[in-house]
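Work through the exercises below with the sequence and the coordinates at hand. Each task is followed by a worked solution.

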Amino acid sequence: MLNTAPSTAVALSTAPKLYRLPSLSMLVPNPKSVMVGYSRASVLAIMEKAIVKGYLTISDSEGVSHFGTRTKGCSEVHLKVIRDDFWSRILFSQDLGFSEAYMVGDVEVNNLKSVFDLWLDNEAGMGNLSSTANRIASAISGLSNAFLGQTRWKARLNAIASYDQSNELFKAFLSQEMMYSCALWTDAEGGVRGDLVTGPTPGDLETAQLRKIRHVLTAARVKPGDRILEFGSGWGGLAIEAARTFGCEVDTLTLSKEQKALAEERIKEAGYQDRIRVHLMDYRDIPPSFEKAFDAFVSIEMLEHVGSQHYHTYFKLVDYALKSRDATAVVSASTFPESRYSRYQPEDFMRKYMWPNSCLPSATALIAAANSGSEGRFTLEGVENHAAHYPRTLREWGRRLEANVRQESIIKDYPALADAAEYEVFKRKWQYLFAYAGAGFAKGYITCHMLTFTRPNDCPPSCD
């Protein structure tokens, strides 16, 4: 009895032991980790089947995965995943997601060009990455462009996004003529691969861009005293050359206030302000005084901003402005091959981050629109594909951007870039553009056509 009493007292005075219930976070998996896991597994499974040409290595915190077969000369890509957001971006937004992952630093790559070569070489299998959500978003974007097209207000907003940026930025990587379009290379610069074989030389881009301008004006058959209408001024490069070398007068249209200001400054410096007029004007607003007033029409890589809905109107207005006889129209544009062309073009890197709502035509879509818009008053004179010349142009822009753009010099126009992380995103966006577009042209995914139209019964150059 005496021995049990103390034991009973202790038992009665001891507080009951409490057990901590597991937290909700321990019972319910983190939604983000579940999504990352699902996305990673899905992407890797698709890569296993998709990569049939080239060799891909992906490394992340979970390990290293290899896809395809390493062969001599193949595209060999190593992706290092820095942040797990990469997996969801790829699964739900495919190539657009990859561009965003690259720009914000979610992934590092050994060679950006090789990434695009690998993607395009295995394009058929990569299509399996498209999710339902991505298809819906793409459909909305594509249908908007196809059926609404480039309204006047949208065209102006797009010009602001695309060209109303710092003129100093464009000066940093464009040639002296400031042509933001494909140059034409010849053996004088080693051809379209001369920079890869013997290396770039000072002034080669200027030579190739001047050759392109003169090629366009020669195709337009202009002569001293002729009046030229241009849609898409750029920074006045073609207009200045038309006045200086060909003795022409030029009316040129732009929607960019920044371009207009610098173009007029450059025109005045060249001494041609009495022969060149820069209009801040939508091409659909050309005045009655332009009717049948021009001997030639030129437009260099502006048609990408017109939209398929308006090709007919575009050429109707070109027909309206050109004289009925002895008149020539020359247009060039980045284009889709006929097998890829569609009026419906979903959002991708170019349309989201570089040229909002742009739409690449096909050569035959433009030819058909020229015929219908002019009611048969245009004769197709020539078709040229300059796609092979674009990759070198883009490589040269990339080199000049890397050499000439500095954070301290650009924050005057882009104050947000004072932040080192923001500046890195900015640089990566342009690096991505040049590599992305270069691979597209080199692989035949996109083309670059120049079309020349004359009036019916206009005589060809002397041939008898």
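A residue is buried when its relative accessible area is under 20%. The model used here is predicted.

**Exercise 1.** State how many residues of the chain count as buried, as a percentage, and describe the chain overall.

Step 1. Under that cut-off, 52% of the 464 residues are buried.
Step 2. The surface that the chain exposes comes to about 22,200 Å², with 56% of it supplied by carbon and sulfur atoms.
Step 3. In secondary structure, the chain has 19 helices and eleven strands.
Step 4. Among contacts with a separation of 6 or more, 77% join residues 24 or more positions apart.

**Exercise 2.** Determine how helices α4 and α5 are oriented to each other, and which residues meet.

Step 1. Take α4 as residues 85–104 and α5 as residues 112–121; their axes lie 13 Å apart, at an angle of about 170°.
Step 2. Angles over 145 degrees count as roughly antiparallel, so α4 is roughly antiparallel to α5.
Step 3. From α4, Gln 94, Asp 95, Phe 98 and Tyr 102 meet Leu 112, Val 115 and Trp 119 of α5.
Step 4. Sorted by class, this contact has five nonpolar residues, one polar and one charged.

**Exercise 3.** Locate the largest nonpolar core and name the helix that gives the most to it.

Step 1. The largest nonpolar core has 70 residues, and Phe 173, Tyr 180 and Trp 430 have the most contacts inside it.
Step 2. The helix that gives the most to this core is α19 (residues 420–442), with eleven residues.
Step 3. A second core, separate from this one, has 31 residues, including Met 302, Val 306, Phe 378 and Phe 453.

Definitions and conventions
Residues numbered from 1 in each chain as written. Predicted model: local features only at pLDDT ≥ 70, side-chain atom pairs only at ≥ 80, totals over all residues. Heavy atoms only, no water. Axes fitted to C-alpha atoms, helices over the stretch in contact; angles between N-to-C directions. Helix = DSSP H or I, 4+ residues; strand = E, 2+ residues; numbered from the N terminus. Parallel < 35°, antiparallel > 145°, perpendicular 65-115°, else oblique. Contact = heavy atoms within 4.5 Å. Nonpolar A, V, L, I, M, F, W, Y, C, P; charged D, E, K, R; others polar. Core = buried A, V, L, I, M, F, W, Y, C linked by side-chain atoms within 4.5 Å. Buried < 20%, exposed > 50% of the residue type's maximum accessible area, 1.4 Å probe, protein only. Areas by Shrake-Rupley, 256 points an atom, 1.4 Å probe, with all protein chains shown as cover.
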